[in-house]
Amino acid sequence: VNIATMIDGSAGLGHNGVLIFVGCSYTAMHQGIVISDGSWMMVSHSYFAGAVLEGLYFAPTYTGQAEISGGAISGSGGHGTSNTATQANGIRALGGLLTISGIRVSGCLGRGIWIPGPIQGYTITSCIFYSNALAQWLLAGGNFYSVTGNLCMINTGNSITGAG
């Protein structure tokens, strides 16, 4: 499977409204959920394993709000990516308003969560990040964010880096 779920506004409305994913399992895919429109999305108690690029990808064109709570992301990059500098991440966010809480991200060959762009208004709370190959967060220019109460252990590289 290349992309397990693509949310791109292709229904002709500009966005897909409200999307709720509860108890889903995504395994051995190129990317898990890719979202690039203005939808509101909730992902709860879902599992993403073995993505080549990342379990969740929020495109630069994503203007909606996403809430990710509970569940786990593991083993991103384990199925063949050769570019762990920008790929093999648990979550890569380039757009949207994000609330991430209570997830476990482990065993990624890239970063647990990578926020390389200037997105604003996100919260990362009460998550566990362990055994990831690169820094857990790369906050490059984002504003109005909160990163609190997370556990980072047995990771290679920095726990939190950035210039936000």
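**Briefing: a buried glutamate, a nonpolar core and a surface patch**

Glu54 is placed in strand E7. The structure is a predicted model. Strand E7 spans residues 54-58 and is among the elements that give two or more residues to the largest nonpolar core. That core has 31 residues. A nonpolar patch of about 360 Å² is also present on the surface.

**Glu54**
- Glu54 counts as buried because its relative accessibility is 1%, and buried means under 20%.
- The side chain of Glu54 makes a polar contact of 2.7 Å with the side chain of Gln31.
- Leaving out residues up to four places away in sequence, Glu54 touches His30, Gln31, Gly32, Ser76, Asn89, Gly90 and Arg92.

**Largest nonpolar core**
- Within this core, the residues that touch the most other members are Ile33, Met41 and Phe58.
- Two or more core residues come from each of strands E2 (18-22), E4 (31-35), E5 (40-44), E7 (54-58), E8 (65-69), E10 (89-93), E11 (97-101) and E14 (120-125).
- Apart from neighbours within four places in sequence, Phe58 is in contact with Ile35, Met41, Ala66, Ile68, Ile91, Arg92, Ala93, Leu94, Gly95 and Leu98.
- Arg92 is among the residues in contact with Phe58, and Arg92 is also touched by Glu54.

**Nonpolar surface patch**
- Ile128, Leu151, Met153 and Ile154 make up the patch of about 360 Å².
- Met153 lies in strand E18, which covers residues 151-153.
- Met153 has a relative accessible area of 35% and is therefore partly exposed.

How values were computed
Residues are numbered from 1 along each chain as its sequence is written. This is a predicted model: local features need pLDDT of at least 70, side-chain atom pairs count only at pLDDT 80 or more; totals for chains, interfaces and linings use all residues. Side-chain values use heavy atoms; hydrogens and water are left out. A nonpolar core is a set of buried Ala, Val, Leu, Ile, Met, Phe, Trp, Tyr and Cys residues joined through side-chain atoms within 4.5 Å. Buried means under 20% relative accessible area, exposed over 50%, partly exposed in between (1.4 Å probe, protein chains only). Helices (H or I, at least four residues) and strands (E, at least two) are DSSP runs, numbered from the N terminus. Contact means heavy atoms within 4.5 Å. Patches are made of residues with over 30% relative accessible area and no salt bridge: like charges are joined within 9 Å, nonpolar side chains (Val, Leu, Ile, Met, Phe, Trp, Tyr) within 5 Å. Accessible areas come from the Shrake-Rupley method with a 1.4 Å probe; for residues, only the protein chains shown count as cover. A salt bridge is a side-chain nitrogen of Lys or Arg within 4 Å of a carboxyl oxygen of Asp or Glu. A polar contact is a pair of N or O atoms within 3.5 Å; within protein, one must be able to donate a hydrogen and the other to accept it, and residues adjacent in sequence count only if both atoms are side-chain atoms.
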